[in-house]
Amino acid sequence: DLNGQLHGQHLAKEVVVRAVQGFLQTPQPQKALVLSFHGWSGTGKNFVARMLASHLYRDGVKSECVRVFISLFHFPHHKYMESYKAQLKKQISETMQLCKQSLFIFDEAEKLHFGLLDAIKPFMARNDNEGQVDYRRSIFLFLSNLGGNTINEVALDFWRAGRAREEISMEFLEQRLRLELLEPADNGYARSHLLEENLIDFFVPFLPLEYHHVKLCARDAFLARGLPYTEAALDEVARTMVFVPKEEKLFSAQGCKSVPQRINYFL
């Protein structure tokens with residue numbers, strides 16, 4: 001499914017499949033699997049998280065073993081932080097008690113208060129499992145726009161050098177990504193202990209999408225509705241998107257995010 005439906009993301013495909021397969025095949029993992037997805041809006045972070053949920057659980061994100069938290073929706077006010085912490089720890093604990101294997105998705109992770117990240121840290125750390133609940137079979141996904149600029153700069157440099165984006169390697173990107181995340185900006189990542197204690201197993205970069213990727217998203221959106229399409233129709237949808245930077249107009253500013261809505265406009 002990733003091969004057929006996720007466009008322009010060779011690194012994300014490879015890392016997610018290898019990390020999840022390796023984790024599921026380990027009889028007794030030492031800790032929960034923690035993946036952090038990074039990149040611009042519309043590049044497929046949410047899409048992959050939901051696809052993973054639908055392949056791990058019959059009911060996908062609706063499963064009682066999957067919890068989705070959206071930072072500003074679930075934890076909007078800093079003055080209630082202590083109450084949020086208690087509530088979050090309780091929800092995670094209860095889900096882990098109920099399910100042998102749980103999946104926790106944190107959307108807009110860069111907006112999570114560092115206190116919340118530190119509150120859930122024990123669930124992600126190595127643990128000798130002397131308690132009643134085994135935390136080690138869980139998967140935590142953090143979805144964040146942080147690092148998007150670094151990833152895009154690398155993609156642009158490769159393009160300017162006439163090199164294929166598929167040549168961009170994980171080693172080349174991961175170090176830069178980690179540096180950007182550690183910058184003492186106003187983000188929970190930099191201020192929490194997740195990075196310094198190496199609790200995140202993989203930083204998964206999502207590259208910016210080009211014109212031909214947007215056309216593939218448009219094709220998928222037509223097919224999903226059982227509608228016929230022509231090459232001209234796909235071009236027409238792609239042309240309505242905003243492309244950056246100003247000179248090259250290479251990357252879709254919204255990724256594929258508003259493609260399905262734009263199709264309505266043409267119907």
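Student: What makes the pair Glu94 and Lys90 a salt bridge?

Tutor: In this predicted model, the side chains of Glu94 and Lys90 approach to 2.9 Å, N to O, and a salt bridge requires a side-chain nitrogen of Lys or Arg within 4 Å of a carboxyl oxygen of Asp or Glu, so the pair qualifies. Both residues lie in helix 5, four residues apart, about one turn of the helix, and a search of the whole structure under this rule finds eleven salt bridges.

Student: How do you know that Glu248 and Arg160 form a salt bridge, and how many salt bridges does the rule find across the interface of domain 1 and domain 2?

Tutor: The closest N and O atoms of Glu248 and Arg160 are 2.7 Å apart, which is set against a limit of 4 Å, and therefore the pair is counted as a salt bridge. Across the interface of domain 1 (10-206) and domain 2 (211-265), the rule finds one salt bridge. By class, the side of domain 1 that touches domain 2 has four nonpolar, three polar and two charged residues.

Student: How do you know that domain 1 and domain 2 are in contact, and what area is buried between them?

Tutor: Contact calls for heavy atoms within 4.5 Å, and nine residues of domain 1 meet that condition with 13 residues of domain 2, while the C-alpha centres of the two domains lie 28 Å apart. The size of an interface is often given as the accessible area lost when the parts come together. Here the buried area is about 850 Å², of which carbon and sulfur atoms give 66%, and three residue pairs are in polar contact across the interface.

Student: Why is the link of Cys65 and Cys99 called a disulfide?

Tutor: The S to S distance between Cys65 and Cys99 is 2.0 Å, and the criterion is a pair of cysteine sulfur atoms within 2.5 Å, so the link is called a disulfide. With -90° about the S-S bond, this link is left-handed. Cys65 lies in the loop between helix 3 (45-56) and strand 2 (66-70), and Cys99 in the loop between helix 5 (81-98) and strand 3 (103-107), so the disulfide ties together parts that are 34 residues apart in sequence. A search of the whole structure finds two disulfides.

Student: What makes the backbone at Pro245 and at Glu108 worth noting?

Tutor: Most residues other than glycine have a negative phi, and most peptide bonds are trans. Val244 and Pro245 are joined by a cis peptide bond, with omega about -10°, and Pro245 lies in the loop between strand 6 (243-244) and strand 7 (251-252). Glu108, which is not a glycine, has a positive phi of about 55°, and this residue is found in the loop between strand 3 and helix 6 (114-124).

Note on methods: Residues numbered from 1 in each chain as written. Predicted model: local features only at pLDDT ≥ 70, side-chain atom pairs only at ≥ 80, totals over all residues. Heavy atoms only, no water. Domains from an automatic or database assignment. Buried area = accessible area lost by both parts, 1.4 Å probe. Polar contact = N/O pair within 3.5 Å; in protein donor to acceptor, adjacent residues only side chain to side chain. Nonpolar A, V, L, I, M, F, W, Y, C, P; charged D, E, K, R; others polar. Helix = DSSP H or I, 4+ residues; strand = E, 2+ residues; numbered from the N terminus.
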